Amino acid sequence: MNKVSILLLILGLWSCSDTPQKLVKIEGKHVQISDSITKNKKLEGFIAPYRKRIKDEMEGVLAFTPEAMNKSDFKFNTPIGNMMADAVMEMANPIFHERTGKNIDLVLLNYGGIRSGINAGDMTTRTAYNIMPFENEVVVAELASDELQVLIDYLVQNKVAHPIAGLQVILDAEGNLDEAKVNREQTRLRFLDGQVQKKSFYVATSDYLIKGGDRMDFFLKAKDIQTLDYKLRNLLIDYFKKKDTIAPARDQRFIQLQN
């Protein structure tokens, strides 16, 4: 082979190496996962202690409830929703007060955020994960009285058992707002005549709702937002540990009067 041929061969190979590679075909096959597949003993041995630790943590008993709770149990307020809202009020308020010197006035979560019911009996870490599988955190929104009125109007119009605490909403027999009451200093708020003193209210909710989730657009007009760095799921776990026994309760926090 002469020098010219060798040079041409080298140039050809060099040009090929610079040619961009293109994906022309993808192949795959379906692999059925079942108990028939032989376990890898070495891999199983490596995973086993971690699996046991997770199971022990998830199944460890934190509290007890004598009755089952589901979000569909009642129309306007439910034991499971009340428990969740009360837990946020009790566990988040000390953190908020320490940071700001103020107190949470009310809590509003969303009905759709309750992802599971609770069976009667032992309550575990898994119970909290089942109820709240998301990574949502507690935030506190400062709402002006006008926006609080919009919040209450939202509840009145939707007539859904969104978890609330620190707030009482009473509907008349026709389903219209009769009165609303905020726990702070037992201040009675009458929204029917529009006579509401101009002040701020601190509403604990989730970072999902604070962005207008579930059409709660009133949170988008919050004067200020405080993030507590406290996941709702972790809050529930701490609440279960603190309470030992969770007694389901449906009360008068959101009701409709009868003729």
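Where in H2 does a kink lie, and which proline comes shortly after that place? In this predicted model, the kink in H2 is at Ile-47, where it amounts to about 35°, and the proline that comes shortly afterwards is Pro-49. Helix H2 covers residues 41-59, and at its start a side-chain oxygen of Asn-40 comes to within 3.1 Å of the backbone nitrogen of Lys-42.

A bend is also found in helix H3, which covers residues 79-100: the bend of H3 is about 40° and falls at Ala-92, with the proline Pro-94 following within four residues. Just after H3, Gly-101 has a positive phi of about 80°. The table sets out the lengths of these two helices, and in each case the span from the first C-alpha to the last is close to the expected value.

| Helix | Number of residues | Span, first to last C-alpha | Expected span at 1.5 Å a residue |
|---|---|---|---|
| H2 | 19 residues | 25 Å | 27 Å |
| H3 | 22 residues | 30 Å | 32 Å |

The strands considered here form an open sheet of 5 strands with mixed pairing, in the order E5-E2-E9-E4-E10. Strand E5 (164-165) and strand E10 (224-231) stand at the edges and have a single partner strand each, so one side of each has no neighbour in the sheet. Helix H3 packs on this sheet, where it touches E2, E4, E5, E9 and E10, and its direction makes about 115° with that of E10. Helix H5, made of residues 145-158, lies across E2, E4, E5 and E9, and runs at about 115° to E4.

Within the sheet, strand E2 (residues 106-108) and strand E9 (residues 200-206) run parallel and are joined by 2 bridges; Leu-106 has Val-203 in E9 as its bridge partner. Leu-106 also links this part of the sheet to helix H3, in which Met-89 lies, since the contacts of Met-89 beyond its neighbours within four places in sequence include Leu-106, as well as Pro-94, Ile-104, Asp-105, Val-107, Ala-165 and Gly-166. The C-alpha atoms of Met-89 and Leu-106 are separated by 7.3 Å, although the two residues are 17 residues apart along the chain.

Helix H3 also packs against helix H6 (residues 232-243), at an angle of about 85° and with the two axes 9 Å apart. H3 and H6 are therefore roughly perpendicular to each other. Among the residues that make this contact are Met-83, Met-84, Ala-87 and Met-91 of H3, together with Leu-232, Leu-235, Tyr-239 and Phe-240 of H6.

Methods
Residues numbered from 1 in each chain as written. Predicted model: local features only at pLDDT ≥ 70, side-chain atom pairs only at ≥ 80, totals over all residues. Heavy atoms only, no water. Pairing = 2+ DSSP bridges. Contact = heavy atoms within 4.5 Å. Axes fitted to C-alpha atoms, helices over the stretch in contact; angles between N-to-C directions. Expected span 1.5 Å × (residues − 1). Bend = angle between axes of the 7 residues up to and from the residue. Polar contact = N/O pair within 3.5 Å; in protein donor to acceptor, adjacent residues only side chain to side chain. Parallel < 35°, antiparallel > 145°, perpendicular 65-115°, else oblique.
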